[in-house]
Amino acid sequence: MVVKVASMGLLGMEGYQVEVEADVSGGMPAFDIVGLPDTAVRESRDRVRTAMRNCGYGFPVSRITVNLAPADIKKEGPLYDLPILVAILKATAQLERDISDCAFVGELSLSGEVRSVNGILPMALKARDCGFKRLFVPFEDASQGAVVEGIDVYPVRNVNELIEHLNHRITIEKATYVPEEESEDFLPDFADVCAQYEAKRAMEVAAAGGHNILLIGPPGSGKSMLSKRLPSILPEMTFEERVEASKVHSVAGTLPTGKPLVSGRPFRSPHHTVSAVGLSGGGTVPRPGEVSLAHNGVLFLDELPEFSRSALEVLRQPVEDGIVTVSRVHATVSYPCSVMLVAAMNPCPCGYYSHPKRKCTCNINSIRKYLSRVSGPLLDRIDIHIEVPAVEYDELTQHQKAESSAQIRKRVNRAREIQRRRFEATSVTCNARITSDLMKKVCVLDDGAERAMRQAFDKLSLSARAYDRVLKVARTIADLDESEIIREEHVLEAVQYRTLDKKYWSGEEI
Ligand SMILES: Nc1ncnc2c1ncn2[C@@H]1O[C@H](COP(=O)(O)OP(=O)(O)OP(=O)(O)O)[C@@H](O)[C@H]1O
Ligand SMILES: [Mg+2]
Ligand SMILES: [Zn+2]
């Protein structure tokens, strides 16, 4: 007899329905799994057989064939253990209830415990969309599924419990979602940073328009300190943004148990030894990289020139498009990565080039070599470049308290609200992501601004991309100023944020 049991799989960020067909018939005892299984799926046979026996069920001495459909997608990981076991119990009449509106996902231990798997959130979303009423998942992962409305998600500890529940002998309570406030109390605050008014202003502009930003300055000037405070002035996430960010973490298995959604804007700061795959995602069993784990938040690359060239180069496209695509043999998977890129670096290997008081001990060639590790195309994608000079003693010891993150965030929110209304009918989320077809319509310059733009273009020999990006930053500055038209002062400030590449990378001064 052939029976069918529903399960879910994961292709990149999206769930898809998997049908587990089991056929138990006479003949030589055998147990085969077909339908493009990977090694972990093939090993299911041993786990399922042993778990069944250890839980007190009879394992059939017959020819068992399990097919995982659709057969053209490679099935990865041990998550089909549970549905395979359920299918065999059903095929051998050890489970008689109707389970056609149920789907099952979970790895098994040899003693029949159900173990955690990654990606329950996107799978639950898909199961709901496929019309399933009930989804049975590992106990630890159930809170993720509970976020999804329109499907009941049941936490399963072990096989016995599940079968007793399906046979109506005991009741497993379905998981419930308890909304949790974004917890940001522990976020470091801009009030701790003395002086550095220009750098703070640049951070505010970056946050207001979602622009990428690069901070250059000597050691100890506060670059890392400023960067870590960026999430505290970004607008709070909407529920949809939280779900989108959490899907990535669900797939990567980085959500803490019992925390179904990420609590605040992700802030990822990978070490500079990270590999290209670690940063952008992929691998033999594909996994989202750091850039995707930072989705809807901040990717902070501290000591930018120390990152390997290959790692930085693979970032170029994802940072621009907000999506990473990884090619596989059987399919192409993509992960979202709508991030603000924040990078920090010293101006030279010793760190003191152009420092007013300390002498730089580097020779020209080593400075050039150091700076050239950050390529032009990558620099072009960073809208705002800002110098963070060393702070003076008096500035550090002044008693006046600096502006708090909450105050700055109010202005950021106002600018974001203007953008939200402006882009309501489009897919654009913030000024940094204005598409080229919208540029002319939303970036209207007055005469003075037009002139300033022309002068800057000639003087700084900007690339076409840099030109667009200056305009987007000017759009944000005008929004902070609540001005619909972009005026000269807005352009001048935006242009100022592009003068450092000329200073450091054009080779003129050094
Ligand atoms: N503007 C400032 N206000 C208050 N404290 C500051 C400021 N700048 C730096 N500091 C202090 O100096 C420490 C070092 O700063 P931070 O780590 O941000 O420097 P950095 O610019 O990242 O240096 P490096 O180039 O060595 O990484 C901070 O932890 C903080 O205690
Ligand atoms: Mg630092
Ligand atoms: Zn130096």
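## Overall make-up

The chain of this predicted model has a secondary structure of 21 helices and 18 strands. Its C-alpha atoms fill a box of roughly 85 × 45 × 45 Å, taken along the principal axes. The chain has 510 residues, of which 46% count as buried. Among contacts with a separation of 6 or more, 73% are between residues 24 or more positions apart.

## The seven-stranded sheet

Seven strands make up an open sheet with mixed pairing, in the order β3-β4-β2-β1-β5-β8-β9. The edges are taken by β3 (30-34) and β9 (152-156); each has a single partner strand, so one side of each is left without a neighbour in the sheet. On average, and with direction ignored, neighbouring strands of this sheet are turned by 30 degrees against each other.

Strand β1 (residues 2-11) is mostly covered, with seven of its ten residues buried. Ten bridges connect β1 to strand β2 (residues 14-25), and the two strands run antiparallel. Serine 7 has valine 18 in β2 as its bridge partner. β1 and β2 form a hairpin with two residues between them, and glycine 12 in the turn has a positive phi of about 65 degrees.

β1 also pairs with strand β5 (residues 102-104), in the parallel sense and over two bridges. Here alanine 6 stands opposite alanine 103 of β5. Towards the β9 edge, strand β8 (residues 134-138) is joined to β9 by five bridges, and these strands run parallel. Valine 137 has proline 155 in β9 as its bridge partner.

## The five-stranded sheet

A second set of strands forms an open sheet of five, in the order β11-β14-β17-β10-β18, with parallel pairing. Its edge strands are β11 (267-268) and β18 (384-387), each of which pairs on one side only. Helix α7 (residues 197-209) packs on this sheet and touches β10 (213-216), β17 and β18. The direction of α7 makes about 165 degrees with that of β18.

Within the sheet, β14 and strand β17 (residues 340-345) run parallel and are joined by five bridges. Aspartate 302 has alanine 344 in β17 as its bridge partner.

## Backbone exceptions

Most residues other than glycine have a negative phi, and most peptide bonds are trans. Which residues are joined by a cis peptide bond? The bond is between alanine 69 and proline 70, with omega about 0 degrees. Proline 70 lies in the loop between β4 (63-69) and α3 (81-91).

Two residues other than glycine have a positive phi on either side of β14. Asparagine 296, with a phi of about 65 degrees, is in the loop between α11 (290-293) and β14 (298-302). Asparagine 296 counts as buried because it has 25 C-beta neighbours inside 10 Å, and the cut-off for buried is 20 or more. Glutamate 303, with a phi near 60 degrees, is in the loop between β14 and α12 (309-321). Is glutamate 303 buried or partly exposed? Glutamate 303 has 14 C-beta neighbours inside 10 Å and therefore counts as partly exposed.

## A helix pair

Two packed helices are described by the angle between their axes and the distance between the axes. For helix α4 (residues 120-129) and helix α9 (residues 239-252), the angle is about 115 degrees and the axes are 7 Å apart. This angle makes α4 roughly perpendicular to α9.

On the α4 side, the contact is made by Ile120, Leu121 and Pro122. On the α9 side, Ser246, Lys247, Ser250 and Val251 take part. By type, the residues of this contact divide into four nonpolar, two polar and one charged.

## Around ligand 1

How many residues lie around ligand 1? There are 16, of which Pro219, Gly222, Lys223, Ser224 and Met225 come nearest. Helix α8 (residues 223-228) supplies the largest share of this shell, three residues. The shell around ligand 1 consists of eight nonpolar residues, seven polar and one charged.

Terms used. Residues are numbered from 1 along each chain as its sequence is written. Chains are lettered from A and ligands numbered from 1 in the order in which they are written. This is a predicted model: local features need pLDDT of at least 70, side-chain atom pairs count only at pLDDT 80 or more; totals for chains, interfaces and linings use all residues. Helices (H or I, at least four residues) and strands (E, at least two) are DSSP runs, numbered from the N terminus. A residue is buried if 20 or more other C-beta atoms lie within 10 Å of its own, exposed if 12 or fewer, and partly exposed in between; C-beta atoms are placed from the backbone. Two strands pair if DSSP finds at least two bridges between them. Two residues are in contact if their C-beta atoms, placed from the backbone, lie within 7 Å. Axes are lines fitted to C-alpha atoms, for helices over the stretch in contact, and angles run from 0 to 180 degrees between N-to-C directions. Angles under 35 degrees count as roughly parallel, over 145 as roughly antiparallel, 65 to 115 as roughly perpendicular and the rest as oblique. Ala, Val, Leu, Ile, Met, Phe, Trp, Tyr, Cys and Pro count as nonpolar, Asp, Glu, Lys and Arg as charged, and the others, Gly among them, as polar. A residue is near a molecule or strand if its C-beta atom, placed from the backbone, lies within 6 Å of it.
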